[in-house]
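Open the model in your viewer and show it as a cartoon. Keep the selection tool at hand.

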Amino acid sequence: MENTLPGKKPEEIRRMFNRISHRYDLLNHLLSGGMDFFWRKRLVSLVKPFHPNAILDVATGTGDLAIALTRIKPQKIIGTDIAENMLSLAHIKIYRKKLQHIIELKYCHAEALPFPDAAFDATTVAFGARNFGDIEKGLSEMLRVLKPGGGAWILEFSKPSKGIFSRIYRFYFKHVLPWLGGWISGENKAYRYLPESVDIFPEGAAMLALLEKVGYTDLSSLRLSGGMVTIYSGQKK
Ligand SMILES: C[S@@+](CC[C@H](N)C(=O)[O-])C[C@H]1O[C@@H](n2cnc3c(N)ncnc32)[C@H](O)[C@@H]1O
């Protein structure tokens, strides 16, 4: 399996997200028709029964998942990312919402997390794993920092598989979204990269096999919105 995005190095990814950061939230909400809120909320509802005290949100970007996770009242959430501009926007939102006592932000690569083993009860990543330079390494770092009994939740785009909806969605995702995203952000490449990266990202059984290979147990996946996104989860023994 190919675990590295062809032609996309972490430095390019970092620069790309830095450049689109000022339009990232607007485009996220607009291009998903506001469904991104619902998808993150769904992930939070899956984490809730585990009552985690310490959560690591990898590739936190502008912090929407970290902020949504405060609803389940953990003691600490650390959000990490490699794009400084995304983290600056997260910082502003966290201060505005007065959540700075719960959420801490850290600049670091998912593939080399600067945390000791077994430091967190839960790890999460929303729309970030697809961008990792080395997906397997990123997932394995998320496992390393988990306490035994802890869980990881990965929210990522997937592809609706059947019927007319799938065809319409594919047209939207491959043609309309890159055009609209490129026009509003001024970054054509970034929004062409989105469908390309979803195409090569391991999905469904392939993603579960990767999680198993990395060492996660009790695997599950939940397709949402007709398969537009999937939440994968696995635990640490
Ligand atoms: C599509 S955004 C998702 C942000 C946020 N999680 C959300 O739900 O909106 C992807 C984020 O992953 C970050 N990223 C990409 N590669 C990374 C890596 N190797 N380590 C950490 N963060 C990374 C990018 O900088 C970007 O902020």
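The tour goes from the whole fold to a helix pair, then to the ligand, and ends at a single lysine.

**Stop 1: the whole chain**

Select everything. This is a predicted model. Colour by secondary structure, and the protein shows eight helices and seven strands. The radius of gyration is 17 Å, and the globule rule gives 18 Å for 237 residues, so the protein is as compact as a globular protein of that length. Turn the view along the principal axes. The C-alpha atoms fill a box of roughly 45 × 40 × 30 Å.

Now colour by burial. Of the 237 residues, 41% are buried. Then look at the contacts with a separation of 6 or more. Residues 24 or more positions apart account for 71% of these.

**Stop 2: a helix pair**

Select residues 163-185, which form helix H6. Add helix H1, residues 10-31. How far apart are the axes of H1 and H6? They lie 10 Å apart, and the helices pack at an angle of about 140°. The crossing of H1 past H6 is right-handed.

Show side chains where the two helices meet. On the H1 side, pick Ile20, Arg23, Leu27 and Leu31. On the H6 side, pick Leu177, Leu180, Gly181, Ile184 and Ser185. Sorted by class, this contact has six nonpolar, two polar and one charged residues.

**Stop 3: the shell around the ligand**

Keep H1 on screen and select the ligand. There are 25 residues around the ligand. Which of them come nearest? They are Ala59, Gly61, Ala83, Ala110 and Ala126. Next, highlight helix H1 (10-31), helix H3 (64-69) and strand E2 (76-81); these are the elements that give two or more residues to the shell. H1 supplies the largest share, five residues. H1 thus appears at two stops: it lends residues to the ligand shell and meets H6.

Colour the shell by residue class. You will find 13 nonpolar, eight polar and four charged residues around the ligand.

**Stop 4: lysine 9**

Step back to the segment before H1, where lysine 9 is found. Is lysine 9 buried or exposed? A residue counts as exposed if 12 or fewer other C-beta atoms lie within 10 Å of its own. Lysine 9 has 11 C-beta neighbours inside 10 Å, so it counts as exposed.

Finally, select serine 158 as well. Lysine 9 and serine 158 are 149 residues apart in sequence. From C-alpha to C-alpha, lysine 9 and serine 158 are 22 Å apart in space.

Notes: Residues are numbered from 1 along each chain as its sequence is written. This is a predicted model: local features need pLDDT of at least 70, side-chain atom pairs count only at pLDDT 80 or more; totals for chains, interfaces and linings use all residues. A residue is near a molecule or strand if its C-beta atom, placed from the backbone, lies within 6 Å of it. Helices (H or I, at least four residues) and strands (E, at least two) are DSSP runs, numbered from the N terminus. Ala, Val, Leu, Ile, Met, Phe, Trp, Tyr, Cys and Pro count as nonpolar, Asp, Glu, Lys and Arg as charged, and the others, Gly among them, as polar. The radius of gyration is taken over C-alpha atoms; the globule rule is 2.2 Å times the number of residues to the power 0.38. A residue is buried if 20 or more other C-beta atoms lie within 10 Å of its own, exposed if 12 or fewer, and partly exposed in between; C-beta atoms are placed from the backbone. Two residues are in contact if their C-beta atoms, placed from the backbone, lie within 7 Å. Axes are lines fitted to C-alpha atoms, for helices over the stretch in contact, and angles run from 0 to 180 degrees between N-to-C directions. A crossing is left-handed if the near helix is turned anticlockwise from the far one by less than a right angle, and right-handed if clockwise.
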